[in-house]
Amino acid sequence: MYVRTLTGGLAAALVLSLSLTGGQATAAPPDAEDAPLAARVLLYDAGGSAEFRSAVDRGAAIWNESVDAVELRPAAAGQRANIRVLADNGWPRALPTTLGNGTVYIGRQAVDQGYDTIRISAHELGHILGLPDRKPGPCSSLMSGSSAGTACRNPYPNAAEKTEVEGNFAGVLVGRAPAPAARAEVIVD
């Protein structure tokens, strides 16, 4: 009770002081070090993904919509890609080399059995982003993969999967710090 009264009294004194001096209270501009930092950009080359190119692009877009710490972008001609995406006749799989790097195979065997190509793409990209398989699992879990069945069309990571990817890439944002508390600065003319 005493703290609330004291705080209210200080606020009233500040407002009164400002009105008497003609001052203006404004928010202080954020310091450059407090500015939001860009996501780690991972380039992917889907040139070898054949008929699955649009599914790969959509799977990458889903991850971009879902997390902030990493962004998947198609590699331009001549750029070295972190992720190569290929189509083959086997089962879909990812071969990560390091976090954010590796090769994804969109296997026609699963597609021929009725599995959704966008879910496959997002799932395999999830492995490159550091997520393991979680089998068996429900359709609501992207990383449950084929164990959710062919009727599952959900290509979106759940909250836990998003949080895990954010955590995997949190340390790669240079100078990342918690958001600063709001500050006010009094400017007197």
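This report describes the overall fold of a predicted model and then one of its pockets.

## Overall architecture

The chain, taken from a predicted model, has a secondary structure that comes to five helices and seven strands. Read from the N terminus on, the order of these elements is α-β-β-α-β-β-β-β-α-α-α-β, so that the chain opens with a helix and ends with a strand.

## Packing and surface

Of the 189 residues in the chain, 34% are buried. Among the contacts in the chain with a separation of 6 or more, 60% are made between residues that stand 24 or more positions apart.

The accessible surface of the chain comes to about 10700 Å², and carbon and sulfur atoms account for 58% of that surface.

## The second largest pocket

The second largest pocket holds about 230 Å³ of space, and its lining is made up of 20 residues. Those that lie nearest the centre of this pocket are Trp91, His123, Glu124, Gly145 and Ser146. Two or more lining residues come from each of two elements, namely strand S5, which covers 93-98, and helix H4, which covers 117-128. Helix H4 gives the most to the lining of the second largest pocket, contributing five residues.

When the lining of the second largest pocket is sorted by class, nine of its residues are nonpolar, six are charged and five are polar. Trp91, which lies among the residues nearest the pocket centre, belongs to the nonpolar class, whereas Glu124, also one of those nearest the centre, counts as charged.

How values were computed
Residues numbered from 1 in each chain as written. Predicted model: local features only at pLDDT ≥ 70, side-chain atom pairs only at ≥ 80, totals over all residues. Heavy atoms only, no water. Helix = DSSP H or I, 4+ residues; strand = E, 2+ residues; numbered from the N terminus. Buried < 20%, exposed > 50% of the residue type's maximum accessible area, 1.4 Å probe, protein only. Contact = heavy atoms within 4.5 Å. Areas by Shrake-Rupley, 256 points an atom, 1.4 Å probe, with all protein chains shown as cover. 1 Å grid on protein atoms, 1.4 Å probe; cavity = no way out; pocket = protein on both sides within 12 Å on 5 of 7 lines; lining within 4 Å. Points joined across faces, edges and corners; volume = space filled by probe spheres on them.
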